[in-house]
Amino acid sequence: MQSFKDRVLEIVAKIPKGKVMTYKQVAQSAGSPRACRVVGSIMKSNFNPKIPCHRVIRIDGKVGEYNRGRAEKIRKLRAEEAIK
DNA sequence: TAGTTGACCGGAA
DNA sequence: ATTCCGGCCAACT
């Protein structure tokens with residue numbers, strides 16, 4: 001039995017290149033569509049290169065926050081053509 | 001065990 | 001259009 005945290009990490013790690021998922025979408029895929037806040041908290045607590053958290057953005061299309069800086073996150077997304 | 005926190009979302013002013 | 005407030009749920013202390 002994996003915790004919600006592990007499940008979210010697994011889903012985020014499965015996000016294909018050039019694709020982006022919203023926090024809510026990830027939370028829903030993890031089993032709790034209303035735990036969008038928890039998803040963010042999980043990521044900052046489990047940041048590792050296997051988890052492309054820069055592909056997880058807000059539902060509004062904004063990048064949200066990032067442990068290394070939003071500019072860096074946006075740059076990566078643009079490099080993958082995941083966003084405008 | 002209970003309380004606080006938060007990389008969010010949605011609605012209201 | 002932007003800004004404020006409340007809610008929701010899991011992790012952390």
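A base nitrogen of DNA strand B sits 2.8 Å from a polar backbone atom of E65. This is a predicted model, and the distances below are computed from its atoms.

**Around DNA strand B**

E65 belongs to a wider neighbourhood: 16 residues surround DNA strand B, and K24, R37, K44, I59 and E65 come nearest. Two residues reach the backbone of the strand with their side chains. A polar side-chain atom of K44 is 2.7 Å from a phosphate oxygen of DNA strand B, and R58 places a polar side-chain atom 3.1 Å from a phosphate oxygen of the strand. Which elements give two or more residues to the surface near DNA strand B? They are α2 and α3, and α3 gives the most, with six residues.

What sort of residues line this surface? By class, eight are nonpolar, two are polar and six are charged. On the DNA side, 52% of the atoms of DNA strand B within 4 Å of the protein belong to sugar or phosphate, and the rest belong to bases.

**Around DNA strand C**

Now to the other strand. DNA strand C is surrounded by S3, F4, K5, S32, R34, A35, R37 and V38. R37 was also named among the residues that come nearest to DNA strand B. At DNA strand C, an N or O atom in the side chain of R37 lies 2.7 Å from a base oxygen. Phosphate oxygens of DNA strand C are approached by F4, through a polar backbone atom at 3.4 Å, and by S32, through a polar side-chain atom at 3.4 Å. The elements that give two or more residues to the surface near DNA strand C are α1 (4-13) and α3 (36-45).

By class, the surface near DNA strand C has three nonpolar, two polar and three charged residues. Of the atoms of DNA strand C within 4 Å of the protein, 61% belong to sugar or phosphate, with bases supplying the rest.

Here are the polar contacts to the two strands, side by side:

| Residue and its atom | DNA atom | Distance |
|---|---|---|
| E65, polar backbone atom | base nitrogen, DNA strand B | 2.8 Å |
| K44, polar side-chain atom | phosphate oxygen, DNA strand B | 2.7 Å |
| R58, polar side-chain atom | phosphate oxygen, DNA strand B | 3.1 Å |
| R37, side-chain N or O atom | base oxygen, DNA strand C | 2.7 Å |
| F4, polar backbone atom | phosphate oxygen, DNA strand C | 3.4 Å |
| S32, polar side-chain atom | phosphate oxygen, DNA strand C | 3.4 Å |

**How the helices pack**

Let us turn to the protein itself, beginning with α1 and α3. Their axes are 10 Å apart and the packing angle is about 80 degrees. Angles of 65 to 115 degrees count as roughly perpendicular, so α1 is roughly perpendicular to α3. From α1 the contact takes F4, K5, V8, L9 and V12, and from α3 it takes V38, V39, I42 and M43. By class, these residues divide into eight nonpolar, no polar and one charged.

α1 also meets helix α2 (residues 23-30), and the axes of the two come within 9 Å and cross at roughly 120 degrees. α1 and α2 are therefore oblique to each other, and their crossing is right-handed. Which residues meet here? F4, R7, V8, I11 and V12 in α1 contact V26, A27, S29 and A30 in α2. By class, this contact has seven nonpolar, one polar and one charged residues.

F4 thus ties several parts of this account together: F4 is in the contact of α1 with α3, in that of α1 with α2, and among the residues around DNA strand C.

Notes:
Residues are numbered from 1 along each chain as its sequence is written. Chains are lettered from A and ligands numbered from 1 in the order in which they are written. This is a predicted model: local features need pLDDT of at least 70, side-chain atom pairs count only at pLDDT 80 or more; totals for chains, interfaces and linings use all residues. Side-chain values use heavy atoms; hydrogens and water are left out. A residue is near a molecule or strand if one of its heavy atoms lies within 4 Å of it. A polar contact is a pair of N or O atoms within 3.5 Å; within protein, one must be able to donate a hydrogen and the other to accept it, and residues adjacent in sequence count only if both atoms are side-chain atoms. Helices (H or I, at least four residues) and strands (E, at least two) are DSSP runs, numbered from the N terminus. Ala, Val, Leu, Ile, Met, Phe, Trp, Tyr, Cys and Pro count as nonpolar, Asp, Glu, Lys and Arg as charged, and the others, Gly among them, as polar. Axes are lines fitted to C-alpha atoms, for helices over the stretch in contact, and angles run from 0 to 180 degrees between N-to-C directions. Angles under 35 degrees count as roughly parallel, over 145 as roughly antiparallel, 65 to 115 as roughly perpendicular and the rest as oblique. A crossing is left-handed if the near helix is turned anticlockwise from the far one by less than a right angle, and right-handed if clockwise. Contact means heavy atoms within 4.5 Å.
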